Amino acid sequence: MLNTSSAAAFQREPARPAHAAAKAGVGALTPHVATRWGREGIRCNAVAPGFTATETMRSAPQWPDLQAGALRRMHSPRVGDTDDVAALVAFLISDHGARINGHVLNIDGGTVLC
């Protein structure tokens, strides 16, 4: 099982409190599922993407400002893109990720660092 959280669950941003609360709930549900059903072979992890550039975002007129703001908040030389998130998801659901269970993995360029 793979859940989707968000860096918003960890950032304590002043906007979107409902979104942050819902994604924090995913963070609580994930280890619960892993501990409850892990011995039966059911793994449960979550990915928590931070700022992720989509094609739509990159084509927006305000893209340079969005990108610059995101880079100021992260400890990475570039913003993430959808392929970064997809690669993490593919790893977690594959046999290569079989020993990872009950974790929320941030994929945010070091924005949250938790």
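The paragraphs below walk through this predicted model, from its overall confidence to one helix and then to a few individual residues.

Because the model is predicted, a sensible starting point is the confidence that the predictor assigns to it. The mean pLDDT of the chain is 95, and 99% of its residues reach 70 or more. Among the elements of the chain, the lowest mean pLDDT, 88, belongs to helix H1, which covers residues 8-11, while the highest, 98, belongs to helix H5, which covers residues 82-93. Where pLDDT is low, predicted coordinates should not be read in detail.

Helix H5 is a good place to begin looking at the structure itself. H5 has 12 residues and spans 17 Å from its first C-alpha to its last, which is close to the 16 Å expected at 1.5 Å a residue. Three residues of this helix, Val85, Leu88 and Leu92, are buried. Seen down the axis of H5, the buried residues fall within an arc of 65°, and therefore they line one face of the helix. The face turned away from that buried side carries the exposed residues Asp83 and Ile93. What, then, covers the buried residues of H5? The cover includes strand S1 (2-4), strand S2 (45-49), strand S3 (52-53), strand S4 (80-81) and strand S5 (104-107). At the start of H5 there is also a polar detail to find, since a side-chain oxygen of Asp81 reaches to within 3.0 Å of the backbone nitrogen of Asp83.

From here the reader can turn to charged side chains. Side chains of opposite charge can pair when their charged atoms come close. How many salt bridges does a search of the whole structure find? The search finds 2. One of them joins the side chains of Asp84 and Arg78, with a distance of 2.9 Å from N to O. Asp84 has a relative accessible area of 24%, and Arg78 has one of 45%, so each of these residues counts as partly exposed, a class that lies between 20% and 50%. In the other salt bridge, Glu40 pairs with Arg36, and the closest N and O atoms are 3.8 Å apart. Glu40 counts as exposed because its relative accessibility is 56%, whereas Arg36 is partly exposed, with a relative accessible area of 45%.

Asp84 also offers a way to reach Asp108, a residue in the segment after S5. Asp108 and Asp84 are 24 residues apart in sequence, and their C-alpha atoms are 9.7 Å apart in space. Is Asp108 buried or exposed? Asp108 counts as buried, because its relative accessibility is 7%. Leaving aside neighbours within four places in sequence, Asp108 is in contact with Ala7, Gly50 and Met74. The side chain of Asp108 also reaches the backbone nitrogen of Gly110 at 3.0 Å, and a polar atom of that side chain lies 3.1 Å from the backbone nitrogen of Val112.

Another buried residue with a polar side chain contact is Asn3, found in strand S1, with a relative accessible area of 11%. The side chain of Asn3 makes a polar contact with the side chain of Thr30 at 2.9 Å. When neighbours within four places in sequence are left aside, the residues in contact with Asn3 are Val26, Thr30, Cys44, Asn45, Ala46 and Val47.

Trp63, which lies in helix H4 (residues 63-73), is buried as well, because its relative accessible area is 10%. Which residues does Trp63 touch, not counting those up to four places away in sequence? They are Phe51, Ala53, Met57, Arg58 and Val79. For Ala53, which is 10 residues from Trp63 along the chain, the separation of the two C-alpha atoms is 9.2 Å.

The last stop is a detail of the backbone. Arg16 is found in the loop between H1 and helix H2 (17-37), and its phi is near 55°, a positive value in a residue other than glycine. Arg16 is partly exposed, with a relative accessible area of 45%.

Technical notes. Residues are numbered from 1 along each chain as its sequence is written. This is a predicted model: local features need pLDDT of at least 70, side-chain atom pairs count only at pLDDT 80 or more; totals for chains, interfaces and linings use all residues. Side-chain values use heavy atoms; hydrogens and water are left out. pLDDT is the predictor's confidence in each residue, from 0 to 100. Helices (H or I, at least four residues) and strands (E, at least two) are DSSP runs, numbered from the N terminus. Buried means under 20% relative accessible area, exposed over 50%, partly exposed in between (1.4 Å probe, protein chains only). Contact means heavy atoms within 4.5 Å. The expected span of a helix is 1.5 Å times one less than its number of residues. The arc is that of the directions from the helix axis to the C-beta atoms. A polar contact is a pair of N or O atoms within 3.5 Å; within protein, one must be able to donate a hydrogen and the other to accept it, and residues adjacent in sequence count only if both atoms are side-chain atoms. A salt bridge is a side-chain nitrogen of Lys or Arg within 4 Å of a carboxyl oxygen of Asp or Glu.
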